[in-house]
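Student: Could we go through the salt bridges in this protein together? I would like to see how the pairs are worked out.

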Amino acid sequence: RGLPPLVAVIADELRRAMAEVPFARFLQNQAPARQRLVARLLRVNRCCVSPSRDRVDLLEHWPFDSARLLLLLRTVRIALADRDGYAPLARLREPLAAAGFDHEFLTEHLVLDLLRRHGDFDLLPGGIVAERGVGLARRILSEARKVLRAQPLGLSLAQMLAERPDLAEFECCLRELLHHDPLVQSQDGLRYQVI
């Protein structure tokens with residue numbers, strides 16, 4: 001099965017750029033009608049790098065040869081195993097620092113980008129990292145749908161969390177997960193109901 005035509009064109013353009021064109025300039029060079037799609041493909045795609053704005057610091061202190069990258073991935077896996085297979089990235093900072101990943105330039109954005117490109121993790125909105133086998137997004141949505149089915153008139157996010165306090169730890173990603181769930185709708189962006 002080949003790539004969709006537009007994605008094939010974008011992949012060809014990226015190959016020609018040979019990593020010489022900054023992310024922002026590559027987007028500016030796209031046709032206006034394609035910019036939004038191309039931006040989404042570049043941010044979601046595991047093959048693309050989106051470094052922090054301070055590229056000099058990024059290049060000067062880059063510590064990720066293959067051994068260091070494996071250590072980073074193993075450290076994250078061990079930390080997730082201690083926390084039921086998922087954790088907010090903020091909770092992973094301490095184990096990462098203990099393993100020697102306490103550099104100032106190692107921002108949340110960069111760690112998530114490394115995990116997205118090199119790891120086998122699910123990255124949920126709000127910076128939650130989960131082992132792929134846990135199926136965390138599916139589990140969160142399943143529990144949220146149960147609450148919504150019990151209230152046919154719909155619930156706001158705050159009401160949903162009041163009904164199910166165990167979902168409160170996922171508040172940072174719940175709104176976006178519900179927004180992308182085809183079984184859930186919101187007419188006003190505030191109250192959700194299962195269709």
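Here is our conversation about the charged pairs.

Tutor: Happy to! This is a predicted model, where local features need pLDDT of at least 70, side-chain atom pairs count only at pLDDT 80 or more, and totals for chains, interfaces and linings use all residues. Residues are numbered from 1 along each chain as its sequence is written, and side-chain values use heavy atoms, leaving out hydrogens and water.

Student: How many salt bridges are there?

Tutor: Side chains of opposite charge can pair when their charged atoms come close. A salt bridge here means a side-chain nitrogen of Lys or Arg within 4 Å of a carboxyl oxygen of Asp or Glu. By this rule, the count is nine.

Student: Which residue forms a salt bridge with arginine 34?

Tutor: The closest N and O atoms of this pair are 3.2 Å apart. Arginine 34 sits in the loop between helix 2 (23-28) and helix 3 (35-44), while its partner is in helix 1 (residues 5-17), so the pair ties together parts that are 21 residues apart in sequence. Helices are DSSP runs (H or I, at least four residues), numbered from the N terminus. The partner is glutamate 13.

Student: Aspartate 113 forms a salt bridge with arginine 116; is aspartate 113 buried or exposed?

Tutor: Both residues belong to helix 7 (residues 108-118), about one helical turn from each other. Buried means under 20% relative accessible area, exposed over 50%, and partly exposed in between (1.4 Å probe, protein chains only). Arginine 116, at 25%, is partly exposed. Aspartate 113 has a relative accessible area of 3%, so aspartate 113 is buried.

Conventions:
Helices (H or I, at least four residues) and strands (E, at least two) are DSSP runs, numbered from the N terminus.
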